[in-house]
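Hi everyone, thanks for coming. I'd like to walk you through one chain today, going from a few aromatic side chains out to the chain as a whole. Please have a look at it first.

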Amino acid sequence: MSKLNMLFAFLRFITIFSILVLLINPKFNQTTFTTEKPNLVIAVDNSNSIKHLNQTEKVMALVETITDNTALKNKFNLEFYTFGETFKASDSLTFLEKKSNINEAFIQLSQIYKTSNSPTVLISDGNQTLGNDYEFASSIYKQPIYPVILGDTITYVDLKIQQLNVNKYAYLKNKFPVEAIVVYSGNGNVTSKFVVKKGNTVVFSKNVVFSKNNNSTIINFNLPTSRVGVSVYKATLIPIDNEKNKVNNSKNFAVEVIDQKTNIAIVSTFSHPDLGSLKKAIESNERSTVSFLDPKEIISKINDFQLVILYQPNNKFKELLVLLNAENKNRLIIEGSKTDLNFLNENNKTFDHEITDQTENYQAELNINYSPFLIDDINFESFPPLKSNYGSVVFAVPFQTILYKNVNGISIKEPLLATLETNGRREAVLFGENIWKWRSQNFLNSKSFTQFDDFFGKIVQYLASNKKRSRLNVDYESFYNGSGNITIKAEFFDKNYVFDARESLQIKLIDKVSKEEKNLPLILKNNNYQVDLSSLIPSEYSFTVSSTNENLSKSGSFQILQYNVEQQFLNANYSKMQQLATNSNGNSYFIDNSDDLLNDLLNDNRYQAIQKSHNNSLPLIDWEYLLGIIALSLTVEWFLRKYSGLV
């Protein structure tokens, strides 16, 4: 046998052997080892109170010390977060947040570190101005918490206005109530004076006396209204000698005086949970009041109401519908399983509902091109379905759909909630009952009824008014608190009243006090244009929103009240931070003793790196090198045979 034949035999042996191995497909166990270090979460308070307590340099130094500590980095994975009004992953500190929500930080962290070993360092003064109480956050966040307390615990002599309770709206030539809660911190007896001014005029004053045991009082009084518009007041508790923090002695508040209240009647012949939810949603706006009436009671009082809501009408509503049609009055009709569709089809002239004697559950889908007024998406797709009569609806007049029907995630492009305007009258129809479930779901989603109440309030406001529809609509408040977010929204429609996302909108702001002017663009977001004005200083402003391509504009004015909730504190909330540490099996430290914190973290045996092994069973067929060997041996053999003239 020649050497060449021996090489051919060897290559053929390699090929056949490799193929047989693949056919048998043996498996091999592979074990890999990884070392998993515990996480060290550092959550830093980025609110303005840290700056107010002169703790910014100490916080920056502590964060830098933790970041540069080699021993900590060897033992832990360092994760930095900041919180104020919002919670985010970052180690960039500005201390400009206007609110602090400590509990929200723990809610977010509980989602991120559900299973890992993640001790948490909380660097804060413990003064929370937003959200639920964080003292028992350990019930949702199952990690040891190490609060680093910013500020001292010395109790200074201090007077402050703890809270002002006042309605947002009042009525002309009437009086509105104000409740002030004033608090004293100190051991001696002091006397002060509570004064309320409107401009330079004192409209209310009262002497107050405090002692160590009698350290708070509630002052109730009424103020008159004399003109329509926004009235701004300043409440002041006169400071005493040697008082350190005088910022919290004053608070501004405002009331918008309106000429009349919107009266709304809900007419029904039976009780239903929807009725209570509608009343609460409508009356969340203090400018509206709701009365429950049956179809006979309202006949003699029809002129007392700007809007009538007909809940699941039947033949008992005949006289009322005849009267509403005769006087061309605005209305909202709500259908449901108890609605008499035969009666409704015969006695209204705007739509006809097909009668099938069957019901269906429909979810809602927002129509982003709805034009009569601005509608925000409040997560309608998460709301439970409404029970509606099955069958198509044919409108006899032009209409616009706010919400479409959706069945099992499929939009059928039929109206669930629609509005229409005909002969100077406005009307809305909701083709479904159990809207009370929507209000409940909105609370589950956002921990507040506000979004649903605002949504329904806009419908009521639209129906209770007969103002001509505009192509440019601007949504804003008459006044804003200085510690809140300030956003102005606008909608622009083409000549067919279809939302136009191609337009460019600008807002021109004029500070009425300093006469300073600003021009800002409105940014397109979802189905409206928005501009964030939270950076504006407290003052009075006039504005004009105008379109770039067409000669359309809307003007208005608003006022930002002077108030910074983060500047109301003199010292740290030591007791609550200490209790938080105790509840979570952690420990609390003052910022000046942060070295003790680092030593405790490094020496705590609960936080050890864990070595994990992973066993993988690998079939040989997945070993790509074996396929490469087969291909290589066959290729070499073919080239050698070709070179030798054997092929």
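Let's start with Phe543, which has a relative accessible area of 2% and so is buried. One thing to keep in mind throughout: this is a predicted model.

What does Phe543 pair with? Its partner is Tyr476, and the two rings form an edge-to-face aromatic pair. The centres are 4.8 Å apart, with 85 degrees between the planes. The angle is over 60 degrees, so the pair counts as edge-to-face. Now look at where the partners come from. Phe543 belongs to strand S33, residues 540-547, while Tyr476 is in the loop between strand S26 (472-475) and strand S27 (479-481). The two are 67 residues apart, so this pair links distant parts of the chain. The two partners also differ in cover: Phe543 is buried at 2%, whereas Tyr476 has 31% relative accessibility and counts as partly exposed.

For contrast, go to Tyr81 and Phe87. Are these rings stacked or edge-to-face? They are stacked, with 5.1 Å from centre to centre and 15 degrees between the planes. Here both partners are under the 20% cut-off, so both count as buried: Tyr81 has a relative accessible area of 7%, and Phe87 comes in at 17%.

These two pairs are among the 30 aromatic pairs that a search of the whole structure finds. There is also a cluster to show you. Phe380, Phe383, Trp438, Phe452, Phe455 and Phe456 form one aromatic cluster.

While we are on rings, here are two arginines. Arg439 has its charged end over the ring of Phe449, 4.0 Å from the ring centre. Then there is Arg641, which lies over the face of Phe8 at 4.2 Å from the ring centre.

Now for a polar residue. Please find Asn406, in strand S23, which covers residues 399-407. Is Asn406 buried or exposed? With 10% relative accessibility, it counts as buried. What does its side chain reach? One partner is the side chain of Glu365, joined to that of Asn406 by a polar contact of 3.3 Å. The Asn406 side chain also reaches the backbone nitrogen of Ile410, at 3.2 Å. If we leave out neighbours within four places in sequence, Asn406 is in contact with Tyr362, Gln363, Glu365 and Ser411. So Glu365 turns up twice for Asn406, as a contact and as a polar partner, within the 3.5 Å cut-off for a polar contact.

Next, let's move to Lys175, in strand S9, residues 175-185. At 58% relative accessibility, Lys175 counts as exposed. Which residues does Lys175 touch beyond its neighbours within four places in sequence? They are Asn222, Leu223 and Pro224. Phe221 is 46 residues from Lys175 in sequence, and their C-alpha atoms are 9.6 Å apart in space.

Step back a little and you reach Lys173, in the loop between strand S8 (169-171) and S9. Its backbone is worth a look: phi of Lys173 is near 60 degrees, a positive value in a residue other than glycine. Lys173 is exposed, with a relative accessible area of 76%.

Asn328 also has a positive phi, near 55 degrees, and is likewise a residue other than glycine. You'll find Asn328 in the loop between helix H7 (318-327) and strand S18 (331-335). At 30% relative accessibility, Asn328 counts as partly exposed.

Finally, let's zoom out. How many helices and strands are there in the chain? The secondary structure comes to 13 helices and 36 strands. The radius of gyration is 35 Å, well over the 26 Å that the globule rule gives for 647 residues, so the chain is more spread out than a compact globule. Along its principal axes, the C-alpha trace spans about 120 × 80 × 50 Å.

Buried residues make up 46% of the 647 residues. As for contacts with a separation of 6 or more, 72% of them come from residues 24 or more positions apart. The exposed area is about 32,900 Å², with carbon and sulfur atoms supplying 49% of it.

To close where we began, Phe543 is buried, and its pair with Tyr476 links distant parts of the chain. Thanks, and I'm happy to take questions!

Key
Residues are numbered from 1 along each chain as its sequence is written. This is a predicted model: local features need pLDDT of at least 70, side-chain atom pairs count only at pLDDT 80 or more; totals for chains, interfaces and linings use all residues. Side-chain values use heavy atoms; hydrogens and water are left out. Rings of Phe, Tyr and Trp (its six-membered ring) pair if their centres lie within 6.5 Å; planes under 30 degrees apart count as stacked, over 60 as edge-to-face and the rest as tilted. Buried means under 20% relative accessible area, exposed over 50%, partly exposed in between (1.4 Å probe, protein chains only). Helices (H or I, at least four residues) and strands (E, at least two) are DSSP runs, numbered from the N terminus. A charge sits over a ring if NZ of Lys or CZ of Arg is within 6 Å of the ring centre and within 35 degrees of the ring normal. The radius of gyration is taken over C-alpha atoms; the globule rule is 2.2 Å times the number of residues to the power 0.38. Contact means heavy atoms within 4.5 Å. Accessible areas come from the Shrake-Rupley method with a 1.4 Å probe; for residues, only the protein chains shown count as cover. A polar contact is a pair of N or O atoms within 3.5 Å; within protein, one must be able to donate a hydrogen and the other to accept it, and residues adjacent in sequence count only if both atoms are side-chain atoms.
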